[in-house]
Every structure is written in structure tokens, then in C-alpha cells.
Amino acid sequence: MRICALICFSVFFFSCEKDIDLKLDPSENRLVVDANIENGRPPVVFLSKSIDYFSKINPTLLSASFVHNAIISVTDGIQFVALREDTVIDNNGNKIFYYTP
């Protein structure tokens, strides 16, 4: 029993490690739509461009990823709601852009 435990401990403790360095090509920008639509509440849409997976994310990069002056509308087949761009400032002083009626 002790030998089995020793073997298991050895396998986990002395297992091999290998660093893998992934070099990905930069991806093309894609439009990202993140929306909250609920009954009885106004729709809220965040519209941005995608960011490379390994990018160092900071407030400047995030602010630059927002899409401005878009024409956005939401409909349920009966009602048509045009959205306009609005801004809110978070607790750290960063501007967050979104679209709402």
C-alpha cells in the first residue's frame, strides 16, 4: 500500500512540465454586439470591435474598441425602438458607451 502511495506521489510531484509559446496571427476586427433586452425594461446595447485574445487590456484600448454613431433599432415585429448613443462614467473615471432609447 505504501509503495502505491509513493508511486502516485512521485508521478504527481515529479511530473514533466513544458512551456508552450503560442504565436497567433492578429485577427481581423469583428463587430461585437452585447445586448440586454427584457420585458418592461428599455433595451441596452453595447457595440464594440473585437480585441486580440492576448492583448493587454487597459481603459484606453477598451474605449477605442467602442463603435460610435451607429444606427441601431430594436423591433418585436409590432413596436420599433430607435436607440441612441449614451455614456456613463464608472467609479474609476472610465467612459462606457452604450445605446438605449
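These are my notebook entries on what I looked up in this structure, which is a predicted model.

**Entry 1: the overall fold**

I began with the chain as a whole, and I found 2 helices and 5 strands in it, which follow one another along the sequence in the pattern α-β-β-α-β-β-β. I then looked up burial, and of the 101 residues of the protein chain, 14% count as buried. For the contacts I took those between residues at least 6 apart in sequence, and I noted that 31% of them join residues at least 24 apart.

**Entry 2: the nonpolar core**

Which residues make up the largest nonpolar core? I listed 7 residues for this core, namely V45, L47, V67, I72, V74, L83 and Y99, and I noted that strand 2 and strand 3 each supply at least two of its residues. As background I wrote down that nonpolar side chains in soluble globular proteins tend to be buried together.

I followed Y99 further and, leaving aside its neighbours within four places in sequence, I found it in contact with P43, V44, V45, L47, V67, H68, N69, A70, I72, L83, R84 and E85. Several members of the core appear in that list, among them V45, L47, V67, I72 and L83.

**Entry 3: the aromatic pairs**

I turned next to the aromatic rings, where a pair is described by the distance of the centres and the angle of the planes. The count came to 2 aromatic pairs. In the pair of F46 and Y98 the ring centres are 6.1 Å apart and the planes stand at 50°, so I entered this pair as tilted, an angle between the 30 and 60 degree limits. The pair links distant parts of the chain, since F46 sits in strand 2 (residues 44-49) and Y98 in strand 5 (residues 95-100), 52 residues apart. I also checked how open the two residues are: F46 is partly exposed, with a relative accessible area of 26%, whereas Y98, at 17% relative accessibility, counts as buried, because the cut-off for buried is under 20%.

The other pair I noted is that of F66 and F97, which is edge-to-face, with 5.5 Å from centre to centre and 65° between the planes. F66 lies in the loop between helix 2 (59-65) and strand 3 (72-75) while F97 lies in strand 5, so this pair ties together parts that are 31 residues apart in sequence. Here I found F66 buried, at 15% relative accessibility, and F97 buried too, at 14%.

**Entry 4: the largest pocket**

I then looked for empty space, and in the largest pocket I found about 170 Å³ of it. What lines this pocket? I wrote down I37, E38, R41, P43, V74, T75, D76, Q79 and V81 as its lining, which by class has 4 nonpolar, 2 polar and 3 charged residues. I marked V74 in this list, as V74 lines the pocket and is also a member of the largest nonpolar core.

**Entry 5: single residues**

N69 caught my attention by its backbone, for it has a positive phi of about 60° although it is not a glycine. I placed N69 in the loop between helix 2 and strand 3, and I found it exposed, with a relative accessible area of 70%. N69 is also one of the residues in contact with Y99.

S73 lies in strand 3 and is partly exposed, with a relative accessible area of 40%. Apart from neighbours within four places in sequence, S73 is in contact with F80, V81 and A82. Its C-alpha atom and that of Y99 are separated by 9.5 Å, although the two residues are 26 apart along the chain.

A35 belongs to strand 1 (residues 31-36), and at 38% relative accessibility A35 counts as partly exposed. With neighbours within four places in sequence left aside, I found A35 in contact with V44 and V45, while the C-alpha atoms of A35 and L47, 12 residues apart along the chain, are separated by 8.4 Å.

Where does N94 lie? I placed N94 in the loop between strand 4 (80-89) and strand 5, and at 26% relative accessibility it counts as partly exposed. Not counting residues up to four places away in sequence, N94 touches P59, V88 and I89. From C-alpha to C-alpha, N94 and S63 are 8.1 Å apart in space, with their positions 31 residues apart in sequence.

Definitions and conventions: Residues numbered from 1 in each chain as written. Predicted model: local features only at pLDDT ≥ 70, side-chain atom pairs only at ≥ 80, totals over all residues. Heavy atoms only, no water. Phe/Tyr/Trp six-rings, centres within 6.5 Å; stacked < 30°, edge-to-face > 60°. Helix = DSSP H or I, 4+ residues; strand = E, 2+ residues; numbered from the N terminus. Buried < 20%, exposed > 50% of the residue type's maximum accessible area, 1.4 Å probe, protein only. 1 Å grid on protein atoms, 1.4 Å probe; cavity = no way out; pocket = protein on both sides within 12 Å on 5 of 7 lines; lining within 4 Å. Points joined across faces, edges and corners; volume = space filled by probe spheres on them. Nonpolar A, V, L, I, M, F, W, Y, C, P; charged D, E, K, R; others polar. Core = buried A, V, L, I, M, F, W, Y, C linked by side-chain atoms within 4.5 Å. Contact = heavy atoms within 4.5 Å.
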